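User: Could you take a close look at one part of this model for me, the place where two helices pack, and then tell me about the enclosed space too?

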Amino acid sequence: MRTGEQSAGFRSILVCVAEGTASDPALRAASALANTFGANLELLHVMPPLIATTVGIEDAATAALTASAIAGVRTTLRAHMAHRHADIEVGGVPLAERLEVAVGMPARVVLERLRERRHDLVVVGESGKRKQLDLGGVARVLFSKADCPVWMQTAPARAVRRILVPFDMSPTSITALERAIALARKFEATITVLHAFEAPVSLYGAEIGLASGPLPYNVDEVRRAEQAAFAQALEARAWHGVVHTAEFVDEHPTRAVLAAQDRHDLIVLGTHGHGALTAALLGSVARQVVRLAHTAVLTIRDPRGKFAL
């Protein structure tokens with residue numbers, strides 16, 4: 001494999017399963033991916049401990065209650081899968097037979113499972129109560145701490161024929177684009193590379209209530225320079241025959257991505273490492289896209305930092 005070239009393949013996929021129908025889109029998307037790549041597929045539902053006990057100590061009554069609860073949840077979830085997903089098999093095995101139920105703090109259990117079994121993709125949907133990227137959700141922790149890519153699927157899965165890659169020319173977005181190219185080759189998909197240009201503003205501008213003088217630069221010149229850099233960055237890529245288009249728009253990045261999502265089946269998004277305070281004050285394009293998009297999103301996290309949500 002050439003330096004910088006990304007593998008398209010997923011060898012082992014973990015799906016976080018919620019109760020009810022919330023995980024159905026994620027289950028179908030993950031099953032399609034597993035069958036496409038010949039990957040192992042594991043389905044995991046994590047239920048919190050029923051009773052808080054002293055660390056390392058569990059009496060017989062608590063153990064019996066826990067075992068009974070696990071059996072009941074497993075039966076309910078498997079019955080749902082047998083009813084709603086009877087048409088799906090992965091490696092000749094029905095989805096219901098791949099389900100495991102574990103007990104513990106959900107985010108911690110999922111992260112441990114990812115590391116122990118070396119999954120290279122985790123697929124999540126909605127929690128059933130609220131979108132999981134709300135504070136405290138499992139997905140929020142995964143986007144921050146999982147070492148592997150995270151696929152968010154909250155709407156019915158579609159065949160991947162058109163991939164959108166938000167591209168700001170950073171090393172992280174270059175990595176995401178290389179991964180998207182590899183996926184496009186596998187899916188025979190096209191790629192749209194989107195760069196959103198926002199004219200720089202003074203740090204203490206009118207938007208925070210202070211007067212600002214004339215900008216110390218020519219916006220048109222800045223735009224032309226950025227557009228030229230964008231074109232040069234795309235010319236430097238090895239496209240391997242993948243059909244692609246470039247879009248350079250004058251818009252806030254989050255609005256630009258959300259406006260383009262309905263023309264695509266998958267958004268491949270590089271995520272930067274930011275401190276929690278920065279994310280809270282200024283927001284994060286990746287954070288907003290993942291929270292607001294209804295198109296599937298695959299995030300490639302910058303290994304040099306954490307993705308603060």
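Analyst: Start with the residues that touch: on the α1 side they are Leu33, Thr36 and Phe37, and across from them in α5 sit Leu183, Lys186 and Phe187. Keep in mind that this is a predicted model. Sorted by class, that α1–α5 contact comes out as four nonpolar residues, one polar and one charged. As for geometry, two packed helices are generally described by the angle between their axes and the distance between those axes. Here, α1 covers residues 24–37 and α5 covers residues 171–187, and the two pack at an angle of about 75 degrees with their axes 12 Å apart. Angles of 65 to 115 degrees count as roughly perpendicular, so that's the label for α1 and α5.

Now for the enclosed space. Rolling a probe the size of a water molecule over the atoms shows where empty space is left. The count here is two cavities of 30 Å³ or more. Let's stick with the second largest cavity, which has a volume of about 30 Å³. Its lining includes Leu142, Phe143 and Ala146, then Cys148, Pro149 and Val150, and also Thr299, Ile300 and Arg301. Two elements each give two or more residues to that lining: α4 (138–145) and β12 (296–301). Of these, β12 gives the most, with three residues. By class, the lining of this second largest cavity has seven nonpolar residues, one polar and one charged.

How values were computed. Residues numbered from 1 in each chain as written. Predicted model: local features only at pLDDT ≥ 70, side-chain atom pairs only at ≥ 80, totals over all residues. Heavy atoms only, no water. Axes fitted to C-alpha atoms, helices over the stretch in contact; angles between N-to-C directions. Helix = DSSP H or I, 4+ residues; strand = E, 2+ residues; numbered from the N terminus. Parallel < 35°, antiparallel > 145°, perpendicular 65-115°, else oblique. Contact = heavy atoms within 4.5 Å. Nonpolar A, V, L, I, M, F, W, Y, C, P; charged D, E, K, R; others polar. 1 Å grid on protein atoms, 1.4 Å probe; cavity = no way out; pocket = protein on both sides within 12 Å on 5 of 7 lines; lining within 4 Å. Points joined across faces, edges and corners; volume = space filled by probe spheres on them.
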